[in-house]
Amino acid sequence: PAISEQRKARGVPRPEGERPEPVDTVAAMAEVRRLQAQDKERADAAREVTQALRRVEITDRDITTGEAKAEELRRHLSDVETDLAMLRGRRDELQRDAEAKATAAGAMPDPTEAIEAYMAHIASAEAVARSLRPWEAYDGAQADAERATAEAARITAAVDAVEADRVALIEAADIPVPGLSFNPEGEPIYNGRPLELASGGERVRIALAVAKAAGLGFTLIDEGDVLDDDMLAEIDAEARQDPGVQVLICSVGRSGPGLVQVVNGEAREGAAA
């Protein structure tokens, strides 16, 4: 699993180009909100100017109505003129107020360009953030690869330790058989050659020698069919020299020195050996 994860992580491609730096948009968003609030104040001031001008128009209509009444009602001229003077004064006051508000509204800066600039800055920052996502995936894959590599190294070290222990145990085995030794990998060799290259007779002699040297007490030869009569006679003679070692040879369809024979699946006592 660790090697699979390692390969999978190494399969994540490195993004093209240089890694961009993240862009902070907190200050830009705060400035946009401030300018939007200022723009709302300017719009409110413009509405107040419009309302003031509308009141001026209404007042003008009132003045016109008053003048008409003055023409029609001369006997009330004094009262009407007084009212008219008051209306004119009110109109002038409203006019001055509207002009002042218009001047104040005109003095307010237009934040449209600044808002557009900050919005462009934010859009650029978002594009940079999107371009960083492959790098984040790449960084995660590299971390996974490092963990998988470390795990593979740990498992390899454990396997090497087990193999070293196995070789050490084999090398420590004390088997005083002439010509039998072990190579650096712990594999048995006989007379300088791998043991599997030895002949059948040599392997039988090695088995007997190991049994005697290690004090095993018996040797089982399960490939007796490949041995000729001379070899069987030689093994029989060697076994008789050491009563402490029993030699069991398994063969089919032949007779020879031994104590037990199996005929048609039935064990029978053979000739005394």
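Begin by selecting helix α6 in this predicted model, where the buried residues of α6 pack against α5 (200-214), β4 (218-221) and β5 (246-249). The residues to display as sticks are Met 231, Leu 232, Ile 235 and Ala 239, which are the buried ones in α6. Turn the view until you look down the axis of α6, and these buried residues fall within an arc of 100°, so they line one face of the helix. Rotating to the face of α6 turned away from that buried side brings up the exposed residues Asp 229, Asp 230 and Gln 241. For a check on the geometry, take the C-alpha atoms at the two ends of α6, residues 229-241: the helix has 13 residues and reaches 19 Å from the first of these atoms to the last, close to the 18 Å expected at 1.5 Å a residue.

Next, move to helix α2, which covers residues 26-72, and select Thr 59 within it. Is Thr 59 buried or exposed? With a relative accessible area of 8%, Thr 59 is buried, because buried is taken to mean under 20%. Leaving aside residues up to four places away in sequence, Thr 59 touches Leu 87, Arg 91 and Leu 94, so add these three to the display.

Stay with one of those contacts of Thr 59, namely Arg 91, and show Asp 92 beside it, since Arg 91 forms a salt bridge with Asp 92 in which the closest N and O atoms are 3.6 Å apart. Both partners are partly exposed, Arg 91 at 28% relative accessibility and Asp 92 with a relative accessible area of 32%. Elsewhere, salt bridges that share partners join Lys 40, Asp 44 and Arg 47 into one network, and this trio is the next selection.

Within that network, centre the view on Arg 47 and Asp 44, whose side chains meet in a salt bridge with an N to O distance of 1.8 Å. Because they are 3 residues apart in helix α2, Arg 47 and Asp 44 are separated by about one helical turn. Colouring by accessibility would show Arg 47 as partly exposed at 46%, and Asp 44 as partly exposed too, with a relative accessible area of 24%.

While still in helix α2, pick Ala 43, which is partly exposed with a relative accessible area of 32%. Then draw a distance from the C-alpha atom of Ala 43 to that of Ala 105: the two atoms are separated by 8.5 Å, although the residues are 62 residues apart along the chain.

For the last stop, turn to the salt bridges of the whole structure, of which a search finds 12. In general terms, side chains of opposite charge can pair when their charged atoms come close. Select Arg 19 and Asp 139, which form a salt bridge with their closest N and O atoms 2.9 Å apart. Which parts does this pair tie together? Arg 19 lies in the loop between α1 (2-10) and α2, whereas Asp 139 lies in helix α4 (residues 112-172), so the pair ties together parts that are 120 residues apart in sequence. Arg 19 counts as partly exposed at 38% relative accessibility, and Asp 139, with a relative accessible area of 33%, is also partly exposed.

Technical notes:
Residues numbered from 1 in each chain as written. Predicted model: local features only at pLDDT ≥ 70, side-chain atom pairs only at ≥ 80, totals over all residues. Heavy atoms only, no water. Helix = DSSP H or I, 4+ residues; strand = E, 2+ residues; numbered from the N terminus. Buried < 20%, exposed > 50% of the residue type's maximum accessible area, 1.4 Å probe, protein only. Contact = heavy atoms within 4.5 Å. Expected span 1.5 Å × (residues − 1). Arc of directions from axis to C-beta. Salt bridge = Lys/Arg side-chain N within 4 Å of Asp/Glu carboxyl O.
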